[in-house]
Amino acid sequence: MANDFDESSANEEASKGLSWWYSADVLSRDKSDKTAKRIRRISITDRLLRHPGRLSMVYFGALIIIVTGLLLLPISTSDIIFTNFPVAFFTAVSALSTCGIPVVNTGEYWSTFGQVVILFSIQFGGLGVMTFASMVALGASRRLKVSQRMLTANELGTTKLSEVKGVLTVVLGTSIIAEVLTFVLLLPDLFRVNHGNMGRTLWQALFYAVSAYNNTGFTPDATGLHVNRWGVGLPILISAFIGTLGFPVVLNLVQCARRHLSPKRWTLHTKLTLVTTAVLVSTSLAWFLLVEWGNTGLFPADGPGMKMRRAMSAAVMPRSAGFDISWVPEVTNETKVFMSILMFIGAGSSSTAGGIRVTTFAVILLICRAAFTGHRDVTVFRRRIPRRVQMTAVSVTTACFALVMVGAMMLMFTTGCAFVDAVFEACSAFSLGGYSVGVASAGNPASLFILSAEMIVGRLGPLTIAYSISRPMAPEPIRYPQENIIVG
């Protein structure tokens, strides 16, 4: 017989709901509701871990807020004054993105505390938003999610998910080793530059070591990089160049060296990066020697040896670091355009520099070669490049070119600068080059915000942002007939 007062699951249909006040199911449902709410809360915290691109953006945004807040404090300036927000925000973004465009003199304006904040910002930014986002996810969940590991594997250049944690360790180890070696090599000559002041020597060597490997143009002294002293310039030049290769290349070279493998066993990514980088540096060196030989701003009345040193620095630095920017406004417009192209191309994938990456540029050239020669496949070093990689290269190049052009036009509207200068500044900000022709000014906050947006996108990378807003693609219900169109 049905019990009107029994509200259990077995008697749910016959129940009249007359004894809800003591029913055991009420307690069980209450527990179920609490459990469901807890699951919902957990799912919200895990949501970022399932979307590593969004986690990278949140991580980078949080760092910008923290560093900007610290730089706004009077203790961060030499004169103990409050810094206006546009300058503090621009400096924070410039340091975290490893761009290094200075809007104020770093050695004179910022106090020791402010310079320490900038130094830590460079280190956290240089190690990579994606790398630190993966470490945050690893520490929060004790293990990397599959989606997180897949994106990190793609970012760091490894195809095996099991290698990601090892790669992260190598990334940190490589950064520390490179910075320590640069620090040690800089000590003797900086000690002579500072006339035996050990405290100042140690601080400058540390700042230069971190700034050089992370390809950031900030310098700890008012005079900037001592390019005239080979004992200072050469270690910085080598460290900056290694930083432009990217972690996948360094990792592959180290692995092949340990196993005593010949260069033929290098990965296609490593071969393409090294060859393209060598061509770009050689072309840049020849350009500065031939076009700017009479430029007294770049080549003062020095001997051929010193001119070669300055030409080498000018050939390597524009793609990434941005040290010693005093000569940049004095070059010809042709050289500004050439440097804009170099900065737009940038450095290696997953490196401390930016740009569309040298491998992307190489793939674009290979696609053009295949199209002009009538070949169906895009090949290099007896390897065929997948179609998805080709589409990614074209998409990234097109999106980045549009971004730079939009930024350049906005700079022309807000500052009234020439088109060449606007393009140069936009390319430098997007590619994290660190060079400036004076468009970025503390007296024009609009220009600072425009360039900050370019740097943020350049640091996060177009693929990271695209991944963060992407949605799963539904299968096409209908595949329409194919028809050719006329291109060109």
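Trainee: What makes Val-406, Met-409, Met-410 and Phe-413 a nonpolar patch on the surface?

Mentor: A patch consists of residues with over 30% relative accessible area and no salt bridge (a side-chain nitrogen of Lys or Arg within 4 Å of a carboxyl oxygen of Asp or Glu), and nonpolar side chains (Val, Leu, Ile, Met, Phe, Trp, Tyr) are joined within 5 Å. Together these four residues have about 440 Å² of accessible area, a value from the Shrake-Rupley method with a 1.4 Å probe, in which only the protein chains shown count as cover. The model is predicted: local features need pLDDT of at least 70, side-chain atom pairs count only at pLDDT 80 or more, and totals for chains, interfaces and linings use all residues. Residues are numbered from 1 along each chain as its sequence is written, and side-chain values use heavy atoms, leaving out hydrogens and water.

Trainee: Why is Phe-413 called exposed?

Mentor: Exposed means over 50% relative accessible area, buried under 20%, and partly exposed in between (1.4 Å probe, protein chains only). Phe-413 is therefore exposed, at 76%. Its place is in helix H16.

Trainee: Why does Asn-444 count as buried?

Mentor: Its relative accessibility is 18%, so Asn-444 falls under the 20% limit. Asn-444 is found in the loop between H17 and helix H18 (445–460).

Trainee: Which residues does Asn-444 touch, not counting those up to four places away in sequence?

Mentor: Asn-444 touches Thr-414 and Thr-415, where contact means heavy atoms within 4.5 Å. A polar atom of the Asn-444 side chain lies 3.2 Å from the backbone oxygen of Thr-414.

How values were computed: Patches are made of residues with over 30% relative accessible area and no salt bridge: like charges are joined within 9 Å, nonpolar side chains (Val, Leu, Ile, Met, Phe, Trp, Tyr) within 5 Å. Helices (H or I, at least four residues) and strands (E, at least two) are DSSP runs, numbered from the N terminus. A polar contact is a pair of N or O atoms within 3.5 Å; within protein, one must be able to donate a hydrogen and the other to accept it, and residues adjacent in sequence count only if both atoms are side-chain atoms.
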